[in-house]
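Q: I would like to learn how to read the features of a predicted model with some care. Could we go through them one by one, with the general idea before each case?

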Amino acid sequence: MATPLSPQSDTSTPPIRTVAVVGLGTMGTGIAEVLAKAGREVVGIDISAAQATRCVTALESSTARAVERGRLTGEQRAELLARVTTSTDLTAAAGADLVIEVVPESYEVKQQVFRELDAVVRPEAILATGTNALSVTRLAAESARPERVLGLHFFNPAPAMKLVEVVSSVLTSPAAVTAVTGLALDLGKEPVSVGDRPGFVADGLLFGYLNQAASMYESHYASREDIDAAMRLGCGLPMGPLALLDLIGVDTARTVLEAMYAESHDRLHAPAPILKQLSEAGLTGRKAGRGFYTYEEPGSAAVVRDALTPPEGGRPAEGRPVRSVGVAGSGTMASGIAEVFAKAGYHVVLAARTEQKAQGAKARIGKSLARSVDKGRMTAEAAALTLERVRATGSYDDFADVDLAVEAVAEDLEVKRQLFGTLDKVCKPGAVLATTTSSLPVIACARATSRPQDVIGMHFFNPAPAMKLVEVVRTVLTGDDVHATVREVCGTLRKHPVDCGDRAGFIVNALLFPYLNNAVKMVQEHYASLDDIDAAMKLGGGYPMGPFELLDVVGLDVSLAIEKVLHREFRDPGLAPAPLLEHLVAAGCLGRKTGRGFREYAKR
């Protein structure tokens, strides 16, 4: 299991003062900058003299920007640059205490580098591979000094990213791990110690998720724009998965996944065929100017329109007019959705099973609006007008005149079917009927009515007033005008709609929950600790919360239910809920709401 790292004194390994970096691409150049900034002497080595020159130019540019921004003085910049020398000859590494190779992800290339280094470096020198996909053990076995070989996985861009994974093989000496860990801490990084398996922690979780997103796009389930927007807005991620694949490199992702699949034999790691197709066509992402998206030029981050870009302007179908909205339910989601509609100027009928429950939900809206007033987000007058637009009632008969009815009751299919049967009888002809389900089949709700063409999914995210995303879920029977109506309503609500079909998990949960499940499997297999996995995904992936923080917030029972729905729908063994998750739920450890989940929480 991964453990918190702290440097220890060890006389068998001298301090690391001089570091050779072999391979001066983007990552190698970034690592060189980090090392030089921390006072280490750096020898940059690349077989290409032009690449070595580009490395120096890049360092000069980045340090000049640092001076302009006040992060370095001119004197510090000069000293940093003076600590970096470059060469095209591997013998330049002879005096290094540590050599870090970041050459292409190929066993043949990396093993050749290690064999040549064996003949060059001092016996006590440490050899580190920057691989994120290949076996450190296999690379170490090719060396004459396997006990001095380990993995040192930086994240791109190296100067900015805090995470460093220190990877030990069964052959690595503790002294080498201690020395490199101490260096990582001196560099201002946060190291986590992991064992040798493809992808390690961060990429091991990240690339499975990216692969599933590629498969989702390949199956034409949703557009690339909607998949990316869904994960950014629904999960708070800095980039959507397809844009991230283009940034990483489609060919690199394919290599990582091939290595992961070779070990796990998990279908979720088998590279999506589209990754092979794009790679072999040379459409490897930003670096090629085209991947999932098309870019202004190779290396550019600017996306330009292409044949797959959605047309600008409105949709061909005209929506139905919506002036009043019925919201069914009395929980947090129902009150949040009612608040969103009322803020946008709609008259809202908030109905629950009893008048008391409905009034309680309206009171919750009042408290939420009061907080907005306290924070200066709206005036007291606007809050009062918003609350006046909400009429609480204990009878669904009051939905008789609404143009749109939105159910937000318990996530139980039979409960929802019964409600839709009631809405079918109560709502006027032409009213749109929407379910906010996050995992149940929309078509089952539609078939409970005599007007399935009027039924659609409208999946809001919690908390509804804050979250911008709405997944708009069409069934095979949903009318075009109903779909257009809901998209127009989303625009009025200032929400971002994404289109998807009626299958388990829709976009966000279908990509999010397998990732969470895989994190649980890592802990279950004693590969890494909760804290290290959460730290790896926040520091290495830019996630706002680590997977175990998120599981405890969502609720382990809710998470397990969604995992079971996904497994039942797709019948992929890799989607089977982790036994550890099932055991915690059975024990009543459901997360923050019970005071204990993966972690324990103070009672409120």
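Q: In which sense do strand E4 and E5 pair, and over how many bridges?

A: Two strands count as paired if DSSP finds at least two bridges between them, and the elements themselves are DSSP runs (helices H or I of at least four residues, strands E of at least two), numbered from the N terminus. Here strand E4 (residues 98–101) and E5 pair in the parallel sense over four bridges, and Val-99 has Leu-127 in E5 as its bridge partner. Before going on, note that this is a predicted model, in which local features need pLDDT of at least 70 and side-chain atom pairs count only at pLDDT 80 or more, while totals for chains, interfaces and linings use all residues. Residues are numbered from 1 along each chain as its sequence is written, and side-chain values use heavy atoms, with hydrogens and water left out.

Q: Which side chains of E5 point one way, which the other way, and are they buried or exposed?

A: Burial is read from relative accessible area (buried under 20%, exposed over 50%, partly exposed in between, with a 1.4 Å probe and protein chains only). From E5, Ile-126 and Ala-128 point one way and Leu-127 and Thr-129 the other, and all are buried.

Q: What is the strand order of the sheet that holds E4 and E5, and which strands are at its edges?

A: This open sheet has eight strands in the order E3-E2-E1-E4-E5-E6-E7-E8, with mixed pairing. Its edge strands are strand E3 (84–87) and strand E8 (190–195), each of which pairs on one side only, and the twist averages 25° from one strand to the next; such angles run from 0 to 180 degrees between the N-to-C directions of axes, which are lines fitted to C-alpha atoms, for helices over the stretch in contact. Strand E7 (residues 163–168) and E8 pair in the parallel sense over six bridges, with Val-194 in E8 as the bridge partner of Val-167.

Q: Which strands does H4 lie across, and where is Val-120 placed?

A: H4 lies across strand E1 (18–22), E4, E5 and strand E6 (149–154), and runs at about 170° to E5. Val-120 is in the loop between helix H4 (107–118) and strand E5 (126–129). Contact means heavy atoms within 4.5 Å, and, leaving aside neighbours within four places in sequence, Val-120 is in contact with Leu-90, Thr-91, Ala-93 and Ala-94.

Q: Which strands stand at the edges of the sheet that runs from E13 to E18 in its written order?

A: Eight strands form this open sheet in the order E13-E12-E11-E14-E15-E16-E17-E18, and the pairing is mixed. Strand E13 (390–393) and strand E18 (496–501) stand at the edges, each with a single partner strand, so one side of each is left without a neighbour in the sheet. Within the sheet, strand E15 (residues 432–435) and strand E16 (residues 455–460) pair in the parallel sense over three bridges, and Thr-435 has Gly-457 in E16 as its bridge partner.

Q: At what angle do H19 and helix H20 pack, and how far apart are their axes?

A: Two packed helices are described by the angle between their axes and the distance between the axes. H19 and helix H20 (residues 547–554) pack at an angle of about 100°, with their axes 7 Å apart. They are therefore roughly perpendicular to each other (under 35 degrees counts as roughly parallel, over 145 as roughly antiparallel, 65 to 115 as roughly perpendicular and the rest as oblique). Leu-530, Ile-533, Asp-534, Met-537 and Lys-538 in H19 meet Pro-547, Phe-548 and Glu-549 in H20.

Q: With which side chain does the side chain of Asp-534 make a polar contact?

A: A polar contact is a pair of N or O atoms within 3.5 Å; within protein, one must be able to donate a hydrogen and the other to accept it, and residues adjacent in sequence count only if both atoms are side-chain atoms. The side chain of Asp-534 makes such a contact with the side chain of Arg-599 (2.9 Å). Asp-534 is found in helix H19 (residues 530–541) and is buried, with a relative accessible area of 3%.

Q: How many disulfides does a search of the whole structure find?

A: A disulfide is a covalent bond between the sulfur atoms of two cysteines, and the criterion used is a pair of cysteine sulfur atoms within 2.5 Å. The search of the whole structure finds zero disulfides. For Cys-490, the closest cysteine sulfur is in Cys-500, at 11 Å, too far for a bond. Cys-490 is buried, with a relative accessible area of 0%, and Cys-589 also counts as buried, at 10% relative accessibility.
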